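Got the viewer open? Load the model, switch to cartoon, and let's walk through it stop by stop.

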Amino acid sequence: MLTGRRMSATEAERVGLVSRIVAAADLLSEARTVAAEHAAFSLPILKMIKASVNATSEIPLESGLFMERGLFYRSLAMADSREGMSAFKERRDPVFRDR
């Protein structure tokens, strides 16, 4: 950003600025696939992640880490968190109930 140097999509993917490159013709299909993957996650946990990311872009690092730690501890008390850990241990897909 400081140099204004342009980079290709391939280089942006290689350095982690983008998560994947998709052909324009496949973009809508890929977006729907990603949306379906996210829809299978626990909604309360997704909301906590989003709140953490949004807040930490506007507060000092130490405050952001403190907030993130608090949200993490809150998530551990949730049934979906326990389900996720059980599913991982049992090598199965989790069934989240948004609790």
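The radius of gyration here is taken over C-alpha atoms, and the globule rule is 2.2 Å times the number of residues to the power 0.38. By that rule a compact globule of 99 residues would come out near 13 Å, but this chain has 18 Å.

Some housekeeping before you click on anything. This is a predicted model, where local features need pLDDT of at least 70 and side-chain atom pairs count only at pLDDT 80 or more, while totals for chains, interfaces and linings use all residues. Residues are numbered from 1 along each chain as its sequence is written, and side-chain values use heavy atoms, with hydrogens and water left out.

**Stop 1: the whole chain**

Select everything and colour by secondary structure. You should see 5 helices and 0 strands, running α-α-α-α-α from the N terminus on. Helices (H or I, at least four residues) and strands (E, at least two) are DSSP runs, numbered from the N terminus. Orient along the principal axes and the C-alpha trace spans about 45 × 35 × 20 Å.

Now switch on the surface. About 8400 Å² is exposed, with carbon and sulfur atoms supplying 59% of it; accessible areas come from the Shrake-Rupley method with a 1.4 Å probe, and for residues only the protein chains shown count as cover. How many of the 99 residues count as buried, in percent? The figure is 13%, where buried means under 20% relative accessible area, exposed over 50%, and partly exposed in between.

Contacts (heavy atoms within 4.5 Å) are worth a look too. Among those between residues at least 6 apart in sequence, 29% join residues at least 24 apart.

**Stop 2: helix H4**

Select residues 61–76. The expected span of a helix is 1.5 Å times one less than its number of residues; for the 16 residues of H4 that gives 22 Å, and the end C-alpha atoms are 23 Å apart, which agrees.

Which residues of H4 are buried? Show Gly64, Leu71 and Ser75 as sticks. Look down the axis of H4: its buried residues fall within an arc of 45° (taken from the directions from the helix axis to the C-beta atoms), so they line one face of the helix. An α-helix has 3.6 residues a turn, so residues three or four places apart point the same way. Bring up H3 (43–56) and H5 (79–90), which are among what covers the buried residues of H4. Then flip to the face turned away from the buried side, which carries the exposed residues Glu62, Phe66 and Tyr73.

**Stop 3: an aromatic pair**

Stay with Tyr73 and add Phe72. The structure holds 1 aromatic pair, and Phe72 and Tyr73 form it: tilted, 5.9 Å centre to centre, with 50° between the planes. Rings of Phe, Tyr and Trp (its six-membered ring) pair if their centres lie within 6.5 Å; planes under 30 degrees apart count as stacked, over 60 as edge-to-face and the rest as tilted. Phe72 is partly exposed at 46% relative accessible area, whereas Tyr73 is exposed at 53%.

**Stop 4: the segment after H5**

Start with Arg91, in the segment after H5. Arg91 has a positive phi of about 55° although it is not a glycine, and is exposed at 79% relative accessible area. Most residues other than glycine have a negative phi.

Next, pick Pro94, also in the segment after H5 and partly exposed at 35%. Leaving aside neighbours within four places in sequence, Pro94 touches Glu83, Gly84 and Ala87. Draw a distance to Phe41, 53 residues apart along the chain: the C-alpha atoms are separated by 8.6 Å.

Finish at Asp98, again in the segment after H5. Asp98 has a positive phi of about 55° and is not a glycine; at 41% relative accessibility, Asp98 counts as partly exposed.

Definitions and conventions: Buried < 20%, exposed > 50% of the residue type's maximum accessible area, 1.4 Å probe, protein only.
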